[in-house]
Amino acid sequence: MSWSQLFFYVFAVLAVIMSLMVVTRRKAIHSAIFLILAFICFAATYIVMNAELLAAIQVLVYAGGVVGLIIFVIMLVKAEEDEVRQTHGQWIIAAFIALILVVEVAFVFLGNLVQRTGNLAGKMAQAGGNTEAVGLVLYTKYLFPFEVASVLLLAAMIGAIVLAKYKLER
Amino acid sequence: MKDAYWPLILVLLLAVGFGVVAVLMSTLLGPKKPDPIKLSPYECGVDPVGDARMPFFVHYYVVALLFLIFDIEVVFTYPWAVYFKKLGLFGLLEMVVFIAVFLAIFIYVWGRGALEWE
């Protein structure tokens, strides 16, 4: 087993443990903090797989931005009790959806899909990381979706401002 | 994984090791004589008042979302910066269009007064 494989398994196991902590903690704020650790473990596995750009996005956007947003939402919502216990039967539906997801992922891995797309990613990784490879296609072939992404974020910001009702009362 | 990441692994091991050793040593070796003042969150500071779990001002949420959106903008410039020389003037123009939309977001948020703290 090479060092890369060793680090991959270490961080993958850590990521699974952190993810389990996220869904089992009773306090929402504890879940959020374990979510940061889980995202950092994901980023470490991405680095092992030579996907530096993904790792940077994982840390900057997910561990930094998204979890920050989640923590602010937790602070906004007044918790009636400190420890929220689920009483309704939604977990049955959730378990069913999770099962579908597992079957889907198994289908992707066992089917031909990974071999077809995985080869390209592997070649790019050997050629020196995927940052340049992403730049190569994102700013030429997928230029329009790239520009549309900024408009999508504009819509998100307008939605947040309207929901927060900034200066609307004035 | 590239060899350039070995120092990062070393820093990680040092950081985790230092934390674990420091906490472990103080639990094992430190004397334990607790009293109410020692156990309060700020031993030498102001006494805590009320509950921390109160609803916060919605303003924080807007600021967090604003941070997230500009964070995504920054992330998009990384592959662009790597590939910039090969893209030439075309690449510069498309990034100008991209950032112009974010400038519009900024002006909108500013104009709506979401950046003013009351």
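I started with a definition: buried means under 20% relative accessible area, exposed over 50%, and partly exposed in between (1.4 Å probe, protein chains only).

I noted that this is a predicted model, where local features need pLDDT of at least 70 and side-chain atom pairs count only at pLDDT 80 or more. Residues are numbered from 1 along each chain as its sequence is written.

**Entry 1: B:Met25**

I looked up B:Met25 in helix α1 (residues 6-29) of chain B. Helices here are DSSP runs (H or I, at least four residues), numbered from the N terminus. B:Met25 counts as partly exposed because its relative accessibility is 45%. I also found B:Met25 in a nonpolar surface patch, whose members include B:Leu12, B:Val16 and B:Leu29. The patch has about 790 Å² of accessible area together. Patch residues have over 30% relative accessible area and no salt bridge (a side-chain nitrogen of Lys or Arg within 4 Å of a carboxyl oxygen of Asp or Glu), and nonpolar side chains are joined within 5 Å.

**Entry 2: chain A**

I counted seven helices and zero strands in chain A. Of its 170 residues, 28% count as buried.

**Entry 3: helix α7 of chain A**

Which residues of α7(A) are buried? I listed several, among them A:Phe146, A:Ser150, A:Leu153 and A:Met157. The buried residues cover an arc of only 140° around the axis, which puts them on the same side of α7(A). The arc is taken from the directions from the helix axis to the C-beta atoms. On the other side, A:Phe144, A:Leu152 and A:Leu163 are exposed. I then checked the partners: the buried residues pack against α6 (131-138) of chain A together with α3 (59-111) of chain B.

How values were computed. Chains are lettered from A and ligands numbered from 1 in the order in which they are written. Side-chain values use heavy atoms; hydrogens and water are left out. Patches are made of residues with over 30% relative accessible area and no salt bridge: like charges are joined within 9 Å, nonpolar side chains (Val, Leu, Ile, Met, Phe, Trp, Tyr) within 5 Å. Accessible areas come from the Shrake-Rupley method with a 1.4 Å probe; for residues, only the protein chains shown count as cover. Helices (H or I, at least four residues) and strands (E, at least two) are DSSP runs, numbered from the N terminus. Contact means heavy atoms within 4.5 Å.
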